[in-house]
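User: Could you take a close look at one part of this model for me, the aromatic cluster and the helices around it? I'd like one connected walk-through, with the cut-offs spelled out as you go.

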Amino acid sequence: MSDDIADVKVTVTVNGRPRRAAVPPRLTLADFLRERCQLTGTHLGCEHGVCGACSVLLDGEAVCACLMFAVQADGAEVTTVEGLSPGDGELSPVQAAFRDHHGLQCGFCTPGFVVSVTAFLRDNPDPSDDQIREALSGNLCRCTGYQGIFKAVRAAAESSSASATPSETR
């Protein structure tokens with residue numbers, strides 16, 4: 001087997017911006033985002049899809065970027081934790097809830113939680129406590145004991161449902 005495998009051209013829309021690159025076929029999406037796009041919020045924890053630190057949205061669905069190759073994301077839209085903020089230094093509702101409810105400690109796992117929770121609350125705007133616990137099970141935190149994270153998710157859900165218009169709650 002030869003080490004001279006040709007690079008593959010990909011176009012990935014990352015946080016609303018098209019990114020074109022020639023990448024090795026086995027370059028992970030996480031490494032593409034970190035190295036080629038300079039978006040270091042996508043953390044690498046386990047590189048086996050267990051910890052969730054590398055979670056990003058791929059066409060709106062939360063995925064572990066360490067388990068995907070960049071070539072698999074060709075033509076897709078990727079949203080990283082950096083892309084969740086509305087801009088001008090403002091935080092997304094989930095980011096603000098994590099800050100306000102001490103849903104972080106060392107912060108290493110936080111970007112993955114924020115991305116995963118954002119997708120979860122989009123699909124489950126009024127979750128039960130059991131649904132929140134199940135949603136959090138795909139991300140690991142070694143510092144917080146999850147209480148602040150749970151409170152942040154509950155607060156973000158309550159904030160979102162309180163600000164939803166009647167047409168958004170159908």
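Analyst: Here's a tour of the aromatic cluster, then the helix contacts around it, then a few backbone oddities.

Some ground rules: this is a predicted model, so local features need pLDDT of at least 70 and side-chain atom pairs count only at pLDDT 80 or more, while totals for chains, interfaces and linings use all residues. Residues are numbered from 1 along each chain as its sequence is written, and side-chain values use heavy atoms, with hydrogens and water left out.

Let's start with the rings. F98, F113 and Y146 form one aromatic cluster. Rings of Phe, Tyr and Trp (its six-membered ring) pair if their centres lie within 6.5 Å; planes under 30 degrees apart count as stacked, over 60 as edge-to-face and the rest as tilted. By that rule there are two aromatic pairs. One of them joins F98 and F113, a tilted pair at 6.5 Å centre to centre with 40 degrees between the planes. F98 sits in helix 2 (residues 93-100) and F113 in helix 3, so this pair ties together parts that are 15 residues apart in sequence. Helices here are DSSP runs of H or I with at least four residues, strands are E runs of at least two, and both are numbered from the N terminus.

F98 and F113 are both buried, where buried means under 20% relative accessible area, exposed means over 50% and partly exposed is in between (1.4 Å probe, protein chains only). The other pair is F113 with Y146: the ring centres are 6.1 Å apart and the planes are at 70 degrees, so it's edge-to-face. F113 belongs to helix 3 and Y146 to the loop between helix 4 and helix 5 (147-163), so the pair links parts that are 33 residues apart in sequence. F113 has a relative accessible area of 1%, while Y146 is partly exposed at 27%.

Now for the helices. The axes of helix 2 and helix 3 come within 9 Å and cross at roughly 125 degrees. Those axes are lines fitted to C-alpha atoms, for helices over the stretch in contact, and the angles run from 0 to 180 degrees between N-to-C directions. That makes helix 2 oblique to helix 3; under 35 degrees would count as roughly parallel, over 145 as roughly antiparallel and 65 to 115 as roughly perpendicular, with the rest oblique. The crossing of helix 2 and helix 3 is right-handed, meaning that the near helix is turned clockwise from the far one by less than a right angle (anticlockwise would be left-handed). On the helix 2 side the contact is made by V94, Q95 and F98, and on the helix 3 side by T110, F113, V114, V117, T118 and L121. Contact here means heavy atoms within 4.5 Å. By class, that's six nonpolar, three polar and no charged residues; Ala, Val, Leu, Ile, Met, Phe, Trp, Tyr, Cys and Pro count as nonpolar, Asp, Glu, Lys and Arg as charged, and the others, Gly among them, as polar. The buried residues of helix 2 are V94, Q95, A96, A97 and F98.

Helix 3 (residues 110-123) also meets helix 4 (residues 129-136): their axes come within 10 Å and cross at roughly 135 degrees. Helix 3 and helix 4 are therefore oblique too, and their crossing is right-handed. F113, V117 and F120 of helix 3 make this contact with Q131, I132, A135 and L136 of helix 4. The class tally for helix 3 with helix 4 is six nonpolar, one polar and no charged residues.

N139 is worth a stop as well. N139 lies in the loop between helix 4 and helix 5 and is buried, with a relative accessible area of 4%. Leaving aside neighbours within four places in sequence, N139 is in contact with C51, G52, S55, G112, F113, S116 and Y146, and those last names include two members of the aromatic cluster, F113 and Y146.

Finally, the backbone. Most residues other than glycine have a negative phi. Y146 has a positive phi of about 75 degrees although it's not a glycine. H102, which follows helix 2, also has a positive phi, near 55 degrees. Another case is E47, with phi near 60 degrees, in the loop between helix 1 and strand 3.
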